[in-house]
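The following note is offered to a colleague who is new to this structure. Please read the points in order, with the model open alongside.

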Amino acid sequence: MATTNRPLGLNHHALKALAVAVSLSGMSSIAHAEDAVTGGSMPGSFKLPGSDTSVKLGGYVKFDAIYSNITQGVNAVANQQTVDSSIPVGPNGSPTDNKKGQLTFHARQTRLNLATSTPTEYGDLTTFIEGDFFGTDGNESVTNSNGFRIRHAYGALGGFLAGQFWTNFFDENVYAETVDFGGPVGEIFIRQAQARWTQRFDGGEWSTSVENPESLFAISGSPLTAGSATPFRSDRDHYPDITGRLKTKNDVGTFNAALMARNIRIDTPAAAGAKWGGAVSLTGVVPIGNDDFRADVNVGNAIGRYQLSGFFPDGYVDAAGQVRLAQAKSAYAAYRHYWAPKLRSSLILAGSQTDIPSGGTFNGFNKSARSAHVNLIYSPVPRVNLGMELIGEKRTVVDGDYGVLRRVQFGAQFLF
């Protein structure tokens with residue numbers, strides 16, 4: 001067998017070939033690096049190869065076990081979350097024996113979302129899409145299927161936002177922490193399509209928006225409601241809902257003052273007309289050590305469907321066919337206390353009420369509501385919340401009938 005004294009037995013041509021191979025290998029490594037998924041600009045996000053766009057997937061799985069003193073119907077959403085308008089009413093406020101007691105398990109609050117952020121010369125281009133499973137109702141017989149629905153779907157460039165999001169009339173960061181998906185009756189609670197501009201300044205920001213209009217009416221003595229307390233939905237909107245909000249932050253806390261103007265319009269064979277109305281919302285969050293206090297006060301004659309679960313009509317049509325607006329007010333106060341770093345409680349008291357215009361009969365329509373929530377929430381690890389909550393609510397309608405809901409709820413939430 002022939003032998004050689006060249007290192008590793010390589011000849012001159014083999015060395016040249018190896019050098020070329022090493023060079024190509026280095027280029028390949030660079031190419032693979034360019035194709036790699038990298039961390040994005042948002043916490044928990046990533047960037048796709050060859051893209052400046054950061055992508056983040058998020059959401060949570062939520063299980064709820066609920067026992068109520070009353071049942072509100074087969075497959076009723078009101079058995080799965082508080083819906084003030086669905087509390088049955090009567091002269092003495094007590095349900096009939098066949099409507100007492102309801103146990104419900106569900107996972108419909110489970111949520112999925114997708115967020116993106118791309119740097120541009122005009123600021124970050126961001127998008128956000130989120131949904132849960134409180135869409136089309138399924139049934140509890142076999143598969144418990146429920147439809148996916150859009151909660152939010154918007155894009156923003158710098159200070160401009162367009163799409164579906166929380167109304168600008170209310171700061172969503174003020175909502176109290178509850179196990180219940182419905183929440184206290186004093187909330188302004190609405191998501192809708194809008195175009196919004198936000199301008200930041202030292203110590204806060206101001207924002208203004210035009211938002212999707214919709215009018216719900218209580219009609220006196222009209223066959224359109226067949227004597228029931230079902231609001232009539234108008235389909236002839238001419239002007240958007242207009243809002244403006246000022247948000248400030250200082251050493252005491254974060255505060256908002258918001259104004260809203262709405263054109264409440266109806267066009268039916270029995271009545272036609274429109275009126276402009278307005279409302280004011282004041283909110284605040286005040287940290288107190290590790291705890292915090294949250295409050296909300298709303299007043300105006302155009303609150304209507306902006307009240308949680310669309311509790312009030314936007315307008316009233318009296319016996320003469322004239323459009324009337326009613327002064328409404330609502331509020332809540334919430335205190336959250338941390339017993340330990342992983343254990344906390346919230347107490348939330350809330351109320352809402354409206355005046356009823358004269359000149360018509362509006363029996364059965366909502367007059368007022370009161371609610372109380374108290375909970376205990378334990379977080380064994382940062383992305384898991386285990387909670388128990390006691391809930392009491394009272395609904396009163398115009399003719400004085402009322403109903404009471406008492407509920408205990410357990411929830412388990414797993415975020416990702």
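1. In this predicted model, Arg151 is a buried residue, because its relative accessible area of 3% falls under the 20% limit for that class. The side chain of Arg151 forms a salt bridge with that of Asp132, with an N to O distance of 3.5 Å. Arg151 belongs to strand E7 and Asp132 to strand E6, so the contact joins distant parts of the chain, 19 residues apart.

2. Asp132 has a second partner to consider. Its side chain also meets that of Arg149 in a salt bridge, here at 2.6 Å, N to O. Strand E6 covers residues 125–132 and strand E7 residues 149–157, so this pair ties together parts that are 17 residues apart in sequence. Asp132 is buried, with a relative accessible area of 0%, whereas Arg149 is partly exposed at 26%. As a general matter, side chains of opposite charge can pair when their charged atoms come close.

3. How many salt bridges are there by this rule? The count comes to 16. One of the salt bridges joins Arg305 and Asp241, whose closest N and O atoms are 3.1 Å apart. This pair, too, links distant parts of the chain: Arg305 sits in the loop between strand E16 (291–300) and strand E17 (315–317), and Asp241 in strand E13 (residues 241–249), 64 residues apart. Arg305 is buried, at 10% relative accessible area, and Asp241 is likewise buried, at 1%.

4. Asp241 leads on to Ser209, since the two residues are in contact. Ser209 is part of strand E10, which covers residues 204–211. Is Ser209 buried or exposed? Ser209 is buried, because its relative accessible area is 3%, under the 20% limit. The side chain of Ser209 makes polar contacts with the side chain of Thr243, at 2.5 Å, and with the side chain of Glu211, at 2.7 Å. Beyond its neighbours within four places in sequence, the residues in contact with Ser209 include Asn168, Gln194, Ala195, Arg196 and Ile242.

5. A network of salt bridges links Glu177, Asp292, Arg294, Arg336 and Arg344. Several of these names recur in the lining of the second largest cavity, among them Glu177, Asp292, Arg294 and Arg336. That lining also includes Ala176, Ala334, Tyr335 and Ser346. By class, its residues divide into 3 nonpolar, 1 polar and 4 charged. E16 and strand E19 (328–340) each supply at least two of the lining residues, and E19 gives the most, with 3. The space in this cavity is about 40 Å³.

6. The structure holds 2 cavities of 30 Å³ or more. The largest contains about 50 Å³ of space. Its lining includes Gly300, Asn301, Ala302, Ile303 and Gly304, together with Phe312, Pro313 and Asp314. Tyr316, Ala326, Ala328 and Thr354 also line the largest cavity. In this lining, 7 residues are nonpolar, 4 are polar and 1 is charged.

7. A final point concerns Ser94, placed in the loop between strand E3 (54–70) and strand E4 (100–106). Ser94 is partly exposed, with a relative accessible area of 48%. Although Ser94 and Ile70 are 24 residues apart in sequence, their C-alpha atoms are 9.2 Å apart in space.

Notes. Residues are numbered from 1 along each chain as its sequence is written. This is a predicted model: local features need pLDDT of at least 70, side-chain atom pairs count only at pLDDT 80 or more; totals for chains, interfaces and linings use all residues. Side-chain values use heavy atoms; hydrogens and water are left out. Helices (H or I, at least four residues) and strands (E, at least two) are DSSP runs, numbered from the N terminus. Buried means under 20% relative accessible area, exposed over 50%, partly exposed in between (1.4 Å probe, protein chains only). A polar contact is a pair of N or O atoms within 3.5 Å; within protein, one must be able to donate a hydrogen and the other to accept it, and residues adjacent in sequence count only if both atoms are side-chain atoms. Contact means heavy atoms within 4.5 Å. A salt bridge is a side-chain nitrogen of Lys or Arg within 4 Å of a carboxyl oxygen of Asp or Glu. On a 1 Å grid over the protein atoms alone, a cavity is a set of points where a 1.4 Å probe fits but cannot get out, and a pocket is an open set with protein on both sides within 12 Å along at least five of seven lines; lining residues have an atom within 4 Å of a point. Grid points are joined across faces, edges and corners, and a volume is the space filled by probe spheres set on the points. Ala, Val, Leu, Ile, Met, Phe, Trp, Tyr, Cys and Pro count as nonpolar, Asp, Glu, Lys and Arg as charged, and the others, Gly among them, as polar.
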